[in-house]
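The following exercises concern one protein model. Each task is followed by a solution in steps.

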Amino acid sequence: MMQLRTLIFTSVVLPWILSSAAKDQYVEARTPKKDINLPDYGFLQDSDPAAAKADELPTCLLCVCLSGSVYCEEVNPEMSAVPALPKETAYLYARFNKITKIRNKDFADMATLRRIDLTGNLISEIEDGAFSKLPNLEELTLAENRLTKLPTLPTKLVSFNANFNRLKTQGVKATAFKKLTKLAYLYLGNNELTAVPQLPESLHAVDLHNNKISVITDETFCKGNTSYYIRGNLDQVRLDGNPVKLSEHPNSFICLHTLPVGWYN
């Protein structure tokens, strides 16, 4: 009799208990918890991307970040400031945006930067120390902006381009380029300069066309006190589009291998 009762319990009651437990477990698994804390990945909560400002978005979501290069060209929504850059950035191309000012903090601790191109923005102000702490910067392009003066430039620059700005002679320090002993290419065309700045011996090309330069001297490019001095590196000078009359300064280019290129009065 005991064996019969055990058999009935095993075959009838036990399966029902297991089934009920499984059912309860299934229902419990589907019951949502009231307090769920999701991780914050920094994405915008606003579903309308047009409502967000470029300055509030992660840089590599706005721009293309690829192997140390950051491309932020014609960013939409409009970019009005230099974005926060990845620490390993070596090349920055932020052309044709609405950047109005370069601040000291924009490139702070960016020792890896070698090239910065900010062509075609609305930059009218650069804080004096904005580029001075970039020990490896070789190329700086600020063309097509609204600058009236220049900040202190890094000493290892090889190429500097500030064509099509509003630079004035009083806004460019006398030694702004003189101490740049590696500078080979200097482009200052289409500005409002009234005098040629001091030029380093390392220069290969200098572009000063379409300014307001009316006078040059025997020491602007050469050394007027000696006829033996030859400026061996400088092989291209542009002064066309200035009111200066080169015929009145026959000894101003005696140390150069070639005369200035372009059309002159």
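**Exercise 1. Describe the contacts and accessibility of Asp106.**

Step 1. Apart from its neighbours within four places in sequence, Asp106 is in contact with Val82 and Lys101, contact being heavy atoms within 4.5 Å.

Step 2. The model is predicted: local features need pLDDT of at least 70, side-chain atom pairs count only at pLDDT 80 or more, and totals for chains, interfaces and linings use all residues. Residues are numbered from 1 along each chain as its sequence is written, and side-chain values use heavy atoms, with hydrogens and water left out.

Step 3. Asp106 belongs to the loop between strand 4 (101-102) and strand 5 (115-117). Strands (E, at least two residues) are DSSP runs, numbered from the N terminus.

Step 4. The relative accessibility of Asp106 is 10%, so this residue counts as buried. The classes are buried, under 20% relative accessible area; exposed, over 50%; and partly exposed, in between (1.4 Å probe, protein chains only).

Step 5. From the side chain of Asp106, the backbone nitrogen of Arg103 is reached at 2.7 Å.

**Exercise 2. Determine where Asp240 is found and which side chain it joins in a polar contact.**

Step 1. Asp240 lies in the segment after strand 11.

Step 2. With a relative accessible area of 11%, Asp240 is buried.

Step 3. The side chains of Asp240 and Arg238 are joined by a polar contact of 2.7 Å. Such a contact is a pair of N or O atoms within 3.5 Å; within protein, one must be able to donate a hydrogen and the other to accept it, and residues adjacent in sequence count only if both atoms are side-chain atoms.

**Exercise 3. State the strand order of the open sheet and identify its edge strands.**

Step 1. The open sheet is formed by 9 strands in the order 1-2-3-5-7-8-9-10-11, with mixed pairing. Two strands pair if DSSP finds at least two bridges between them.

Step 2. Strand 1 (64-66) and strand 11 (236-238) are the edge strands, each pairing on one side only.

Step 3. Strand 9 (residues 185-187) and strand 10 (residues 205-207) run parallel and are joined by 3 bridges. Opposite Leu186 stands Val206 in strand 10.

**Exercise 4. List the disulfides of the whole structure and give their connectivity pattern.**

Step 1. A disulfide is a covalent bond between the sulfur atoms of two cysteines. The criterion is a pair of cysteine sulfur atoms within 2.5 Å, and a search of the whole structure finds 3 disulfides.

Step 2. Cys60 is bonded to Cys65, S to S 2.0 Å. The torsion about this S-S bond of Cys60 and Cys65 is about -95°, so the disulfide is left-handed. Cys60 is partly exposed at 44% relative accessibility, and Cys65 is partly exposed with a relative accessible area of 32%.

Step 3. Cys63 is bonded to Cys72, S to S 2.0 Å. Here the torsion about the S-S bond of Cys63 and Cys72 is about 110°, so the disulfide is right-handed. Both Cys63 and Cys72 are buried.

Step 4. The sulfur atoms of Cys222 and Cys255 are 2.0 Å apart and form a disulfide. That link of Cys222 and Cys255 is left-handed, with -85° about the S-S bond. Cys222 lies in the loop between strand 10 and strand 11, and Cys255 in the segment after strand 11, so the pair ties together parts that are 33 residues apart in sequence. Both Cys222 and Cys255 are buried.

Step 5. With bonded cysteines counted along the chain, the disulfides follow the pattern 1-3, 2-4, 5-6.

Methods: Helix = DSSP H or I, 4+ residues; strand = E, 2+ residues; numbered from the N terminus.
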